[in-house]
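Me: I have a protein open on my screen and would love a close look at one part of it. Could you take me through the sheet around the ligand, and then show me how that part fits with the rest?

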Amino acid sequence: MTAAALPKPPNTILIIDDNPDTIRLLSAMVREQGRVLFATSGAAGLELARMQRPQLILLDVEMQGMDGFAVNEQIREDPDLRSSAVIFVTAQSSPEAEIACLDAGAVDFIPKPLNAAVVQARVRNHLRLQSALAALDDLANQDGLTGLYNRRYFDRQFAAEFARHRRHQLPLGVVLVDVDDFKLFNDRYGHQRGDACLREVSEALQDGARRPGELAARYGGEEFVVLLPNVTPATLLQYGDWLCRRIAALGISHPSASAAPHVTASIGLCARIPTEGDSAAAMLHAADMALYSAKRAGRNRSVL
Ligand code: GH3
Ligand code: MG
Ligand code: MG
Ligand code: MG
Ligand code: MG
């Protein structure tokens with residue numbers, strides 16, 4: 001699925017409160033504004049938040065065990081949760097208490113006793129803001145021409161996957177794809193057809209990176225990159241050959257006089273278990289060297 005086509009999940013609102021009566025009351029107030037989940041302790045709330053990634057968390061301040069501030073702190077520190085907005089719900093209505101909530105990184109503050117209209121208005125406004133922020137985030141991570149993830153997003157994911165594979169001592173696979181003789185294609189057929197060709201190739205790549213954890217991105221120009229988690233060199237080589245055949249099989253006409261009469265790509269591969277001295281940049285460099293070999297050996301092939 002391309003970044004553009006990611007389904008928009010319904011708004012999810014998580015209520016964390018140690019008082020079941022408050023949960024019932026709040027749920028009834030906001031249930032028309034999204035899918036409502038609840039937890040009666042900070043720990044349970046955090047666990048649920050990590051699984052469900054709610055847009056909004058209505059967080060009770062005074063709770064047994066971990067209080068609202070402690071829960072909020074963990075939310076702000078967790079990269080997977082940072083994009084969930086927190087609204088504190090509290091009976092402490094002094095200006096100092098309100099400021100403390102906002103200083104802690106909450107987006108808003110709802111005073112108890114709860115007023116349905118006030119709760120709904122605040123929740124509605126923050127859900128709108130959250131959706132605008134999510135759209136911006138998508139834009140920032142997406143390549144405009146192809147809808148694939150862009151290099152910025154890829155670099156971030158690659159760094160994270162590299163660290164994860166090093167931690168677990170698993171082999172990580174990188175696939176660099178470069179369209180062959182694309183300058184000639186553009187020169188003969190024009191940039192518009194060139195753009196259409198890149199879109200078609202992108203679809204094939206996206207299609208070849210559907211399993212969980214796999215990621216296809218446009219690295220720049222007519223170069224693409226695919227990240228494959230936990231893959232052996234032998235499997236990666238098979239994958240590279242398969243991808244080469246798939247791109248050729250698109251059957252996009254190419255003006256080349258020498259080689260294939262349709263668009264092909266060369267592919268450079270690198271798969272290894274990251275060690276201490278290794279880096280994501282070094283893996284990419286290795287894939288680039290392999291790509292160079294594929295070009296030199298006659299293009300339309302993959303090299304490990
Ligand atoms: P090689 O087989 O060695 O890769 O040759 P090549 O012609 O593909 O490589 P080169 O780097 O010489 O040319 C890449 C071309 O890709 C040149 C550039 O105009 C074209 N290109 C890069 N980005 C885009 C794009 O977004 N749209 C179009 N239409 N063309 C693009
Ligand atoms: Mg409480
Ligand atoms: Mg190139
Ligand atoms: Mg090229
Ligand atoms: Mg080139």
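Reply: Happy to help; what follows starts with the central strand of that sheet, moves out to the ligand, and ends with the wider protein.

A word before we begin: this is a predicted model, so please read each value below as computed from that model.

Let's start with the sheet itself. Five strands, written as 5 strands in the order E7-E8-E6-E9-E10, form an open sheet with mixed pairing. Its edges are strand E7 (215–220) and strand E10 (302–303), each of which pairs on one side only. As background, strands of a sheet pair through backbone hydrogen bonds, and they can do so either parallel or antiparallel.

Now to strand E6, which sits between E8 and E9 in that order. How many of the residues of E6 are buried? The count is 8 of the 8, so E6 is largely enclosed by the rest of the structure. If you look at the strand from either side, you will find both faces covered. One side carries Leu172, Val174, Leu176 and Asp178, and the other carries Gly173, Val175, Val177 and Val179, every one of them buried. Notice that Asp178 is part of that buried set, alongside Leu172, Val174 and Leu176 on its side of the strand.

The neighbours of E6 are worth tracing one by one. With strand E9 (residues 265–272), E6 pairs in the antiparallel sense over 8 bridges. With strand E8 (residues 223–228), E6 is joined by 6 bridges, and these two strands also run antiparallel. Val175 is a handy residue to click on here: its bridge partner in E9 is Leu269, while its bridge partner in E8 is Val226.

From Val226 you can step across to the edge of the sheet. Ala216 stands opposite Val226 in E8, and Ala217 stands opposite Val225 in E8. Altogether, 5 bridges join E7 to E8, and the two strands run antiparallel. The hairpin of E7 and E8 has 2 residues between the strands, and Gly221 takes a positive phi near 50° in this hairpin.

Gly221 also leads us to the ligand. Which residues are the closest to ligand 1? They are Phe182, Lys183, His191, Gly194 and Gly221, out of 17 residues that surround the ligand. The elements that give two or more residues to this shell are strand E6 (172–179), helix H7 (182–189) and helix H8 (191–207). So the strand we began with, E6, is one of the contributors to the ligand shell. By character, the shell residues divide into 5 nonpolar, 4 polar and 8 charged.

Next, let's look at two helices elsewhere in the chain. Ala280 lies in helix H10 (residues 280–296). Is Ala280 buried or exposed? It counts as buried, because 21 C-beta neighbours lie inside 10 Å and the cut-off for buried is 20 or more. Leaving out residues up to four places away in sequence, Ala280 touches Phe158, Ala159 and Phe162. Its C-alpha atom is 9.1 Å from that of Glu161, although the two residues are 119 apart along the chain.

Asp155 lies in helix H6 (residues 151–168). With 16 other C-beta atoms within 10 Å, Asp155 is partly exposed. The C-alpha atoms of Asp155 and Leu243 are separated by 22 Å, and these residues are 88 apart along the chain.

There is also an annotated position to look at. UniProt lists Asp60 for "modified residue: 4-aspartylphosphate", in an unreviewed entry. In this model, Asp60 is found in strand E3 (residues 56–60). Asp60 is buried, with 25 other C-beta atoms within 10 Å. Its contacts, not counting residues up to four places away in sequence, are Ile16, Asp17, Asp18, Thr22, Gly68 and Val89.

Finally, zoom out to see the whole protein. It has 10 helices and 10 strands. The radius of gyration is 25 Å, well over the 19 Å that the globule rule gives for 304 residues, so the protein is more spread out than a compact globule. Along the principal axes, its C-alpha atoms fill a box of roughly 80 × 45 × 25 Å. Of the 304 residues, 35% count as buried. Among contacts with a separation of 6 or more, 64% are between residues 24 or more positions apart.

Methods. Residues numbered from 1 in each chain as written. Chains lettered and ligands numbered in written order. Predicted model: local features only at pLDDT ≥ 70, side-chain atom pairs only at ≥ 80, totals over all residues. UniProt positions renumbered as here; feature names shortened; annotations may be inferred. Helix = DSSP H or I, 4+ residues; strand = E, 2+ residues; numbered from the N terminus. Buried ≥ 20, exposed ≤ 12 C-beta atoms within 10 Å, placed from the backbone. Contact = placed C-beta atoms within 7 Å. Near = placed C-beta within 6 Å. Nonpolar A, V, L, I, M, F, W, Y, C, P; charged D, E, K, R; others polar. Pairing = 2+ DSSP bridges. Rg over C-alpha atoms; globule rule 2.2 N^0.38 Å.
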